[in-house]
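The exercises below ask for a close reading of a single chain, each with a worked solution that goes step by step. Please keep the sequence and the structure open while working through them.

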Amino acid sequence: MATVDQTMLKVQRLLTGPMKLKIQIEGDLIGVVFTDASTQIHIRVIDWGKNKDGEQRTLVRISAPVLRGVEPKPELYQYLLREAQRPWFGSVAVWDDEAEKGKVTVSVGHTLLGDFLDEEELRQVLFAVLGAADTLDDPLQQRFGGKRWVDK
C-alpha cells in the first residue's frame with residue numbers, strides 16, 4: 001500500500017516517463033494539457049484511509065472540465081443524468097462555479113485505486129475522460145451555454 005506522496009510520485013513517473021506527457025504541478029493537483037483538445041486533465045491523489053492491516057490506501061481522481069459558467073437549470077441536470085453519460089464510464093460532476101456566482105461548472109471524472117495503479121490503466125482512463133469531456137463540451141455549450149476550458 002502507499003501514502004499520498006508515494007502515489008503522487010508514481011503518477012508523475014508514469015505520466016512523464018512511459019506516457020511522455022508534459023505535466024504541470026500546482027499544490028496537490030497534476031495538470032496535463034493537450035494541444036488538440038478543448039479541455040485538460042486534472043489528477044489528484046486522495047488519502048483513502050487505512051486498510052484492515054493499518055496500511056495507507058489512496059485513490060487517484062482523474063477529471064476534465066467540460067464547461068464553466070453554465071446556468072443551473074433543471075433541463076441541464078436532466079440531460080446530464082439521462083443522456084450525457086452513455087458514451088463512457090465514470091461520472092459527471094456539477095458544482096458551483098467559483099468565478100461566476102449563480103452559475104455551475106460541469107466536469108467528467110473517474111476514480112482509480114492508487115495502490116494498484118499501473119500505466120495501462122492510467123492511460124486508458126486518462127484518455128477516456130479526456131475524450132468524454134472533449135466530446136461533450138460542444139453539444140452541451142450549444143444547448144445550455146457556458147464556456148469551454150479553452151475559452152478565455
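**Exercise 1.** Leaving aside its neighbours within four places in sequence, with which residues is Arg123 in contact?

*Solution.* The model is a predicted one, and the first step is to place the residue, which lies in helix H3. Once the neighbours within four places in sequence are set aside, the contacts of Arg123 are with Pro18 and Met19. The next step is to look at the separation along the chain: Arg123 and Met19 are 104 residues apart in sequence, while their C-alpha atoms are separated by 7.6 Å. As for accessibility, Arg123 has a relative accessible area of 23% and therefore counts as partly exposed, since that class begins where the buried class, under 20%, ends.

**Exercise 2.** Determine how the axes of helices H1 and H3 are arranged, and which residues make the contact.

*Solution.* Begin with the two elements, H1 spanning residues 4-16 and H3 spanning residues 119-144, whose axes come within 10 Å and cross at roughly 75°. Because angles of 65 to 115 degrees count as roughly perpendicular, H1 is roughly perpendicular to H3. On the H1 side the contact is made by Val11, Leu14 and Leu15, and on the H3 side by Glu119, Leu122 and Leu126. Sorting these residues by character gives 5 nonpolar, no polar and 1 charged.

**Exercise 3.** Describe the length of H3, locate its kink, and state what covers its buried residues.

*Solution.* H3 has 26 residues and reaches 36 Å from its first C-alpha to its last, which is close to the 38 Å expected at 1.5 Å a residue. Following the helix along, one finds a kink of about 30° at Asp137, shortly before the proline Pro139. Asp137 is also one of the buried residues of H3, a list that includes Leu122, Val125, Leu126, Leu136, Leu140 and Phe144. Among the elements that cover these buried residues are H1, strand E3 (40-50), strand E4 (56-70), helix H2 (74-82) and strand E6 (104-113).

**Exercise 4.** Is Thr7 buried or exposed, and which residues does Thr7 touch beyond those up to four places away in sequence?

*Solution.* Thr7 lies in helix H1, and its relative accessible area of 2% means that Thr7 is buried. Not counting residues up to four places away in sequence, Thr7 touches Ala2, Val45, Thr58, Val60 and Gly114.

**Exercise 5.** Set out the location, the accessibility and the contacts of Pro72 and of Lys152.

*Solution.* Pro72 is placed in the loop between E4 and H2, where a relative accessible area of 31% makes it partly exposed. With the neighbours within four places in sequence left aside, Pro72 is in contact with Tyr77, Gly102, Lys103 and Val104. Measuring from C-alpha to C-alpha, Pro72 and Phe144 are 8.9 Å apart in space, although 72 residues apart in sequence.

Turning to the other residue, Lys152 is found in the segment after H3 and, at 78% relative accessibility, counts as exposed. Under the same exclusion of neighbours within four places, Lys152 is in contact with Arg68 and Lys147. The C-alpha atoms of Lys152 and Ala84, which are 68 residues apart along the chain, are separated by 24 Å.

Methods. Residues are numbered from 1 along each chain as its sequence is written. This is a predicted model: local features need pLDDT of at least 70, side-chain atom pairs count only at pLDDT 80 or more; totals for chains, interfaces and linings use all residues. Side-chain values use heavy atoms; hydrogens and water are left out. Axes are lines fitted to C-alpha atoms, for helices over the stretch in contact, and angles run from 0 to 180 degrees between N-to-C directions. Helices (H or I, at least four residues) and strands (E, at least two) are DSSP runs, numbered from the N terminus. Angles under 35 degrees count as roughly parallel, over 145 as roughly antiparallel, 65 to 115 as roughly perpendicular and the rest as oblique. Contact means heavy atoms within 4.5 Å. Ala, Val, Leu, Ile, Met, Phe, Trp, Tyr, Cys and Pro count as nonpolar, Asp, Glu, Lys and Arg as charged, and the others, Gly among them, as polar. The expected span of a helix is 1.5 Å times one less than its number of residues. The bend at a residue is the angle between axes fitted to the seven residues ending there and the seven starting there. Buried means under 20% relative accessible area, exposed over 50%, partly exposed in between (1.4 Å probe, protein chains only).
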